[in-house]
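Here's a quick tour of a ligand site and a small sheet. Have the structure open while you read.

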Amino acid sequence: MQTVTDYFAESAGKSSFIRKMFEKGLELKAQFGEENVCDFSLGNPDVPPPAAARDVLRAIADDAVRPLGLGYCPNAGIPAVREKIAVWISSQQSMEVPASCTIMTVGAASALVDCFRATIERGDEVIVPSPYFVEYGNYCGHFGGVLRPVATKEDFSLDIEAIANAVTPRTRAIIINSPNNPTGAVYSRDELERLVSVVEDENRRRGPSGKALFILSDEPYRAFAYDGVEVPAVLPMSKYAVVVGSFSKTLSMAGERVGYIAVNPALCEEDGGAFVSTLVLVNRTLGCVNAPVIGQRLAAAICGETVDIGIYARRRALMAEVLRNAGIEFTMPKGAFYFFPKVPGGDDFAFVDKLLEERILAVPGTGFGRSGHIRLSCSVDEKIIERSAAGFKRAVEAVK
Ligand code: PLP
């Protein structure tokens, strides 16, 4: 008998390519040994957290062994943590954001799910520049939301005109993710200002009794920008801007599941404060209850720091060299830690198979909404990138 809803019965076959490659990687590593597989499939940050995390965790452990030390906390987060994170977000977003406009969540993932739960009715639409992080479709799909990918330009910059044309009366959010997974694009101030104009014009058209169109900025890679490129702050650009982020990548604590939502202060005032109070309610009732308390305290203590971004910068330079030497075309990523090169021959599945024969794991671009490309994650040691060089060359020869 069918045990699950039609939605999941239908989507089972389409389950994430990233996870599939991850599982394939485990199989190959068991067969040939960990050091003989070049696994570029998953964005699980391997650089150690900042050294200060050790002492902070010890202090948290000493303090936690008391009544309620590991107990429930307010659904929006530990008050002192929210205060600290609000100060940090204020400096990052170049605007005063009070703690009351922030919510601690279970990673950026649950922050996004909260936003969709609070705003999406069945059949509502969410626009995303494509290629895109594939989980967005699932996150809004749970509530009957429909993802509307809009292709970026060839260099992965935003096609503002195409986005404007894709807005319908049912559009509730435009997601942007900069620095971007999978392309490494970082959107310029000019692109963002033009995008904000699209949102502001639409909200004016809808009028005070209409449903708001949000600009939802997903920023877990904010600290990963190279060659001095600016990552402009979106929150001050529009009353309808909402920023979500996490410490998964910036502090290498992806498994500890701590993220946040920051709402433009003017939006906090709108509709009698309904937006933030609804976000807090759904954060509770979707089953998260509150973000993990150890992780919240750790993040608050070291949020001003990051992992050593120089390590990722060196890997980026090395991967660029490996791809160039293999004759693979790519746009140099300005941020994050991924490459999204074109595949020789144009068939991403065929090329991923050829790479597998070389024990190199990559994810087909089709999984991110753009065929003819692969995604490579540089959350691996430089030695592995170096070791992959000959395999990339042979795979290119094989599909010529
Ligand atoms: N958004 C993007 C673009 C991501 O790449 C990820 C994770 O890889 C997430 C959101 C979710 O991150 P987390 O929930 O660990 O903060």
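For the residue classes used below, Ala, Val, Leu, Ile, Met, Phe, Trp, Tyr, Cys and Pro count as nonpolar, Asp, Glu, Lys and Arg count as charged, and the others, Gly among them, count as polar. With that split, the shell around the ligand comes out as six nonpolar, five polar and three charged residues. Keep in mind that this is a predicted model.

**Who surrounds the ligand**
- There are 14 residues around the ligand, and the nearest of them are Asp-218, Tyr-221, Ser-246, Ser-248 and Arg-257.
- Helix α5 (residues 107-119) gives the largest share of the shell, with three residues.

**Polar contacts with the ligand**
- Asp-218 places a polar side-chain atom 2.6 Å from a nitrogen atom of the ligand.
- In the side chain of Ser-248, an N or O atom sits 2.7 Å from an oxygen atom of the ligand.
- Ala-109 takes part through its backbone: a polar atom there is 2.9 Å from an oxygen atom of the ligand.
- On its own the ligand has 400 Å² of accessible area, and the protein covers 90% of that.

**The three-stranded sheet**
- Elsewhere in the model, three strands make an open sheet, ordered β9-β12-β11 with antiparallel pairing.
- β9 (338-339) and β11 (363-364) are the edge strands; each has a single partner strand, so one side of each has no neighbour in the sheet.
- β9 and β12 (residues 374-377) run antiparallel and are joined by two bridges.
- Across that pair, Tyr-338 stands opposite Ser-377 in β12.

Conventions:
Residues are numbered from 1 along each chain as its sequence is written. This is a predicted model: local features need pLDDT of at least 70, side-chain atom pairs count only at pLDDT 80 or more; totals for chains, interfaces and linings use all residues. Side-chain values use heavy atoms; hydrogens and water are left out. A residue is near a molecule or strand if one of its heavy atoms lies within 4 Å of it. A polar contact is a pair of N or O atoms within 3.5 Å; within protein, one must be able to donate a hydrogen and the other to accept it, and residues adjacent in sequence count only if both atoms are side-chain atoms. Accessible areas come from the Shrake-Rupley method with a 1.4 Å probe; for residues, only the protein chains shown count as cover. Helices (H or I, at least four residues) and strands (E, at least two) are DSSP runs, numbered from the N terminus. Two strands pair if DSSP finds at least two bridges between them.
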